[in-house]
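Here are a few exercises to work through with the coordinates open. Each one sets a task and then solves it step by step.

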Protein chains: 4
Amino acid sequence: MLASVPGRPTFKRLPRAVREQQMLDAAVRVFSRRGFHEASMDEIADEAGISKPMVYAYLGSKDDLFRACVNREGTRLLESIVAVVADDLPADEQLWRGLRGFFGFVGAHRDGWAVLYRQARSGQPYDLATLRTRIVEVVAGMLRSAVESQSRQARDEDLTASAYALVGAAESIADWLADHPEADPDRSAARLMNFSWLGARQLLQGELWQPSSA
Amino acid sequence: MLASVPGRPTFKRLPRAVREQQMLDAAVRVFSRRGFHEASMDEIADEAGISKPMVYAYLGSKDDLFRACVNREGTRLLESIVAVVADDLPADEQLWRGLRGFFGFVGAHRDGWAVLYRQARSGQPYDLATLRTRIVEVVAGMLRSAVESQSRQARDEDLTASAYALVGAAESIADWLADHPEADPDRSAARLMNFSWLGARQLLQGELWQPSSA
Amino acid sequence: MLASVPGRPTFKRLPRAVREQQMLDAAVRVFSRRGFHEASMDEIADEAGISKPMVYAYLGSKDDLFRACVNREGTRLLESIVAVVADDLPADEQLWRGLRGFFGFVGAHRDGWAVLYRQARSGQPYDLATLRTRIVEVVAGMLRSAVESQSRQARDEDLTASAYALVGAAESIADWLADHPEADPDRSAARLMNFSWLGARQLLQGELWQPSSA
Amino acid sequence: MLASVPGRPTFKRLPRAVREQQMLDAAVRVFSRRGFHEASMDEIADEAGISKPMVYAYLGSKDDLFRACVNREGTRLLESIVAVVADDLPADEQLWRGLRGFFGFVGAHRDGWAVLYRQARSGQPYDLATLRTRIVEVVAGMLRSAVESQSRQARDEDLTASAYALVGAAESIADWLADHPEADPDRSAARLMNFSWLGARQLLQGELWQPSSA
DNA sequence: CATGAATGAGAATTCATTCAT
DNA sequence: AATGAATGAATTCTCATTCAT
């Protein structure tokens, strides 16, 4: 009966893998707009078009569910970056590509970003700390190899601090991007590239960084 | 009645203003270590050494209380920055002073910083968004005046983006600082100054920014 | 269909009676270790190696299932006793055989005993009350016929009380036995026989204990 | 207003100690008639004429509450026995008094007995196991001293078994008593005394029953 | 001023039970 | 015959908030 109504998909008796993704989608949306604590399992189940016990059966407790969201979105984010970065490129090109990947993800998955950045941060130390640390380390590594390619020395602490600064700057702009749906992710990437690569002084003097490709 | 019983110490009937500060101190500590939702009014009252009804009588609901915390700490933070910045200084000097003020506050008020940054973010739209926007605007204004002093034009959006980047970078490093009590705030300020003022390229080439004063 | 796929073992399509016994075995084990309420239908189905709907199809609701367990174990227990008692034996011999049968069952079916005694007791008025009453009546009858064989009178209430005492004593020792797998059931039977028979004999002979005071 | 209605006691704002006893009374009644698992905190709160949060505030979780019930009733039971037993009396007199104390408690606190015996048994190992063991040990000690007063030897295991039998018999009769409000506790005590003492006396005198066959 | 006593409302979680395939 | 998918209905427990003293 229901199935015969055109345009209204039957939501019944789907295989587990499909349902799990639906649930995760719903959970990401709800966590994104409410935050971890304000989100209720009831609302998530509703949003997924399913009853609460199914959520528990498939994805466990609220904590488990949240972790699963963070993991999925975190993995996607990492992949968005890793997919476009190639080790043998010059440092600025790598940074540029990394930023485009990053802002591209944020623009395309605003809810996922909100869960990762706004929600996961404040609470219990989910794997997010790990994820962020990993990103920071990747960036730090990138900087280090760039430095070494110039036969220079740099204190590790300084590199790490720069990486933190860079990641924080990216997050901050991503946050603004997530709240401005009309904004262009690539443009955000370019702006941050200029700021971080050239520095405020250069910017103030009107200098601009230009992508060598594309 | 009770107070008149000899040998029984009179309960301190402190003036309202003092009590309120005690409560806010307690609330900031508790919100800082638990987060908004995990913090219970019971724990806050306990920490303040008073009974719950007093908290409600003086500071209103939990939301009100949290807002009061954010306001007080936010104001202090702004003051830490404003106090050291003078409009007629060159841009780099202003930035340098602003960063020192900022990291100084974070180092001295780790709990306050945690409430402002980690907790207030995730949830309800408290005045924090406002506070952050105000800081961003201050920084953007600083950049604009610097640009204009060079008789140049710059698109407002670009300036804003740079301000966001700068604030985000500062927050990120502040966050790291809050978790490393042994770290030196001034050193953090210097690192970020280098990064943001000179840019990654300059840094990679070994250039360094030097404070003209102090 | 599935069964016709070569190389894929045919799922055992066991006859209903066999399946039911498997389920009851599993249920007795689970009820024994968890108690009625803590036992979940999931765990029982798991233990039986079948899916839940089968349990419902064959044995009905959880209550039904529990009743079925109690019935089966209760019947076995009664049979263990009845099988060895013969009406024409002297009273002490009957009691001795009855106790041996009883403790023999407990030693051999610890799970069954636990279900009967520990679990069924606390809750709903299953047939257990009936079972116990039946046992008490059997014992009371045994005592009565012994008395009458001595041409004596005894108040029915006193006989019933003695039967209760005897059954309670047996249960108490059985309980201890169920927790001590190394203990010898026959030895327990002999101990209780000594305790109860020497008393019962005096009673049967009309002797009475009198309080020295009051 | 409410307080002025005669015959309708005001149930409001009682001191903690009073409320706790009311709650325990209610809990014992509900646990007694429903069993641990079937009893809901809602029903207990209702029965106590109070809201659930108060129960949690004063007595903790459902487990804690149950433990508190068992403790209170167990203590009362022990006191009922200890109060009337005096070490320097002859063994039979001690046993007689102990039984009267025991059955007196059961007759006067049927609900308490039900909680102790029927409910606490089946579930988690609350202190009840301890309580019962303690009682068994007391009885065993009583028997041992009686034996030794006759300069005889007895194997400890046999004494323990007799104690178990005695306690089990008492519980069994108590159970019957709890279901027959019109019955006289003292009469039950006398019946069990007869049954057990006449047996115990023979035992104490070294008599043994021997199986005629096997 | 100050507080112990009290609660309404809602949250997570579980479980017996049934459908649709 | 057999099962994975699905849920209604409880249940325990917590918390912000308010009286009555």
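**Exercise 1. Find the residues around DNA strand F, and describe the surface they make.**

Step 1. List the neighbours: 36 residues surround DNA strand F, and the closest are A:R13, A:R19, A:P53, B:K52 and D:K52. Here a residue is near a strand if one of its heavy atoms lies within 4 Å of it.

Before going on, please note that this is a predicted model, in which local features need pLDDT of at least 70, side-chain atom pairs count only at pLDDT 80 or more, and totals for chains, interfaces and linings use all residues. Residues are numbered from 1 along each chain as its sequence is written, chains are lettered from A and ligands numbered from 1 in the order in which they are written, and side-chain values use heavy atoms, with hydrogens and water left out.

Step 2. Ask which part of the strand is touched. Of the atoms of DNA strand F within 4 Å of the protein, sugar or phosphate accounts for 58%, and the rest belong to bases.

Step 3. Look at individual phosphate oxygens of DNA strand F. One is 2.3 Å from a polar side-chain atom of A:R19. Polar backbone atoms also take part: that of A:S51 is 2.8 Å from a phosphate oxygen, and for D:K62 the distance is 2.9 Å.

Step 4. Sort the surface near DNA strand F by class: 17 residues are nonpolar, six polar and 13 charged. In this scheme Ala, Val, Leu, Ile, Met, Phe, Trp, Tyr, Cys and Pro count as nonpolar, Asp, Glu, Lys and Arg as charged, and the others, Gly among them, as polar.

**Exercise 2. Describe the contact between chain B and chain A.**

Step 1. Count the residues: chain B gives 44 and chain A gives 43 to the contact (heavy atoms within 4.5 Å).

Step 2. Take the area. About 3800 Å² is buried between chain B and chain A, with 56% of it from carbon and sulfur atoms. Buried area is the accessible area (1.4 Å probe) that two parts lose on being put together, summed over both.

Step 3. Look for charge pairs. There are four salt bridges between chain B and chain A, a salt bridge being a side-chain nitrogen of Lys or Arg within 4 Å of a carboxyl oxygen of Asp or Glu. A:D158 pairs with B:R191 in a salt bridge whose closest N and O atoms are 2.7 Å apart.

Step 4. Classify the side of chain B that touches chain A: it has 18 nonpolar, 13 polar and 13 charged residues.

**Exercise 3. Do the same for chain D and chain C, then find their symmetry.**

Step 1. The contact draws 44 residues from chain D and 46 from chain C. Together they bury about 4100 Å², 58% of it on carbon and sulfur atoms. D:R191, D:F195 and D:W209 supply 21% of the area that chain D buries against chain C, more than any other three residues.

Step 2. Three salt bridges join chain D and chain C. In one of them D:R191 meets C:D158, with the closest N and O atoms 2.7 Å apart.

Step 3. Superpose the copies by least squares on the C-alpha atoms of residues with pLDDT of at least 70 in both. A rotation of 179 degrees with 0.1 Å of shift along its axis places chain D on chain C (RMSD 0.3 Å). That is the relation of a two-fold axis.

Step 4. Which C-alpha of chain D is nearest the axis? That of D:G199, 1.5 Å from it.

Note on methods. Contact = heavy atoms within 4.5 Å. Polar contact = N/O pair within 3.5 Å; in protein donor to acceptor, adjacent residues only side chain to side chain.
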